[in-house]
Amino acid sequence: MTTTRSPCAHLRSLGLISSPFPLPAVPSSLTALQEGAAEPPTRPTPETLREQGVHAGQVDKNVALHEQPLRLGAVQEISREAVEGTDQELVTFRADIAVCDIINLNWRFYPRSAYEGAIARAQKAMEQGKLTALLEHPGWDDGWKGRLNAIAARWTALSIEEREIEWPPDSGQRVRKPVVSGEGVYTRTEGGALVQTLLQDGVYVGISTNGYSSVKWLTFAELGIDDPTGLLDPETPIAVTGDDLTFLTIDFVALPANAIGQVHAESGPAGGFAPPPTRPAPPAPSPRPAPTPAQEQPVIHPKVQELLTKHGKTLEQVKKEHTGEYQAVLEAIASDSLAQTARITELTGQVTTLETNLQAATVRAVTAEQGLVKESRAKLVDDAIAAANLPVLPPYQDGDTQVDLNAQWRDALLAEAVRAETDDAAKAVITRQVAARQHVLGARPVEQTQQREGAQRLPVPAPKLPTGNNDQPVPLTEDASLSGDSLLVGMLR
């Protein structure tokens, strides 16, 4: 059955009436997206524009932007809050969203200023609950903001912070870039529950922006940034997102999903990029200017270009008519490349040496610090033992080994004190252990105290033997019964 456009849609497409939905401000030429139509409405994307033929400096308005997630980090739960009167909870999460100042996986360049403008425009929408996260990007016939039954969360905060990340993806290279991140709350819908279940089961869930903005086309060489893949022609037109970027949704997506094609992170040197954009063939006559022949020329090394300019001939002509000069230029280029490689190797060696020296210095510093800590904790242990006046247990023989119980206990106490994080914690451990040992062993005898302090032990007097007739019993008196000598004599008998 054929579905026809509504009269309102037709009037809006002519610009005769305004849209009743001021947020987002959808251009009148695109309002048919919200109306029934026999065919999905046309939404310009950077890819469809490139296919039509673009040129450096060209500006296109209201371009639809479904973006590929960059795998910055997993969605992380940060809090849960019970919903009064129910057994449900509101779960708050945090997620990385995008990287500024790079060519992303869809070969579009997003300056930081574009994201800053989008975040500023999103504040009111977040307060009103209008910036949502869908399960996958909306289809081209779903409208700008998708369908209500696809909503899984709403965003509550967006920000940009400098951070070290791996870029390009899977390259192992670390660079410092501004990263867009956000916080949101899962909706208590099937979509919100599904995302939480996937994350709990260890499934990676990506975050991808969906919005629109003006796009200015610049050649890759004009951007002044490094080629993330080594595949780009300096004259390749790159879509640069304007500062009027507006977020429609920021969605949960699966990897390797891509609005314009499949992404294989393990294939080739691209490190997760889709195939690089190719320059379109000369288009049929249209209002848009066709690419100039100069843009279609292959990349030529500056030294070779200098030789061509010198003779005023094409490359093929120089190869044929000035073979010697051409070969000399190629050798010079190769020599420069070898010199650069040698310099890179030298710098790599220097960096390795510096890293090794830094690691060694770090080990020495840590060892020295540990030694100082052990020395100070040993003094705390010895001072506490001396102050407690603990008894000294005699050593005993275990086979060929003499076991010193006092030294073993001190070493164990010192090890526990060294493991304490602070001096106060160490003192608490020592006090507790010394008090326990003092309770078990009691106070030290006076003789041991004198021996430990170096005092000379007084001689013990020899027992006095009785005189006279030893066969007669010794009469006991009250005083004699308390005498140690009398007891000793009685024991000897």
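T92 lies in strand β3. The model is predicted. In it, T92 is buried, because its relative accessible area of 17% falls under the 20% cut-off. Strand β3 spans residues 89–99. Its pairing partner considered here is strand β8, residues 174–186. The two strands run in the antiparallel sense and share 7 bridges. Within β8, V185 stands opposite T92.

The contacts of T92 extend past this partner. With neighbours within four places in sequence set aside, T92 touches Q76, E77, I78 and S79. It also touches G184 and V185. V185 is thus listed both as a contact of T92 and as the residue opposite T92 in β8. In a regular strand, side chains alternate between the two faces of the sheet.

Strand β8 also pairs with strand β7, residues 151–166. This pairing is again in the antiparallel sense and covers 13 bridges. One bridge joins W155 to G184 of β8. G184 is also among the contacts of T92. Strand β8 therefore pairs with β3 over 7 bridges and with β7 over 13, under the criterion of at least two bridges for a pair.

The helical part is described through two packing pairs. Helix α9 covers residues 323–388. Its axis lies 9 Å from that of α10, at an angle of about 130°. The two helices are therefore oblique to each other. The crossing of α9 with α10 is right-handed. On the α9 side, the contact is made by K374, R377, A378, V381, D382 and I385. On the α10 side, W409, R410, L413, L414, A417 and V418 take part. By class, this contact holds 8 nonpolar and 4 charged residues, with no polar ones.

Helix α10, residues 405–419, also packs against helix α11, residues 423–441. Their axes come within 9 Å and cross at roughly 155°. This angle makes α10 roughly antiparallel to α11, because it lies over the 145-degree limit. The crossing of α10 with α11 is right-handed. From α10, the residues in contact are L405, N406, W409, L413, E416 and A417. They meet A426, V429, I430, R432, Q433, V434 and R437 of α11. This contact divides into 8 nonpolar, 2 polar and 3 charged residues.

Some α10 residues serve in both contacts. W409, L413 and A417 are listed against α9 and also against α11.

Definitions and conventions:
Residues numbered from 1 in each chain as written. Predicted model: local features only at pLDDT ≥ 70, side-chain atom pairs only at ≥ 80, totals over all residues. Heavy atoms only, no water. Axes fitted to C-alpha atoms, helices over the stretch in contact; angles between N-to-C directions. Helix = DSSP H or I, 4+ residues; strand = E, 2+ residues; numbered from the N terminus. Parallel < 35°, antiparallel > 145°, perpendicular 65-115°, else oblique. Left-handed = near helix turned anticlockwise from the far one by under 90°. Contact = heavy atoms within 4.5 Å. Nonpolar A, V, L, I, M, F, W, Y, C, P; charged D, E, K, R; others polar. Buried < 20%, exposed > 50% of the residue type's maximum accessible area, 1.4 Å probe, protein only.
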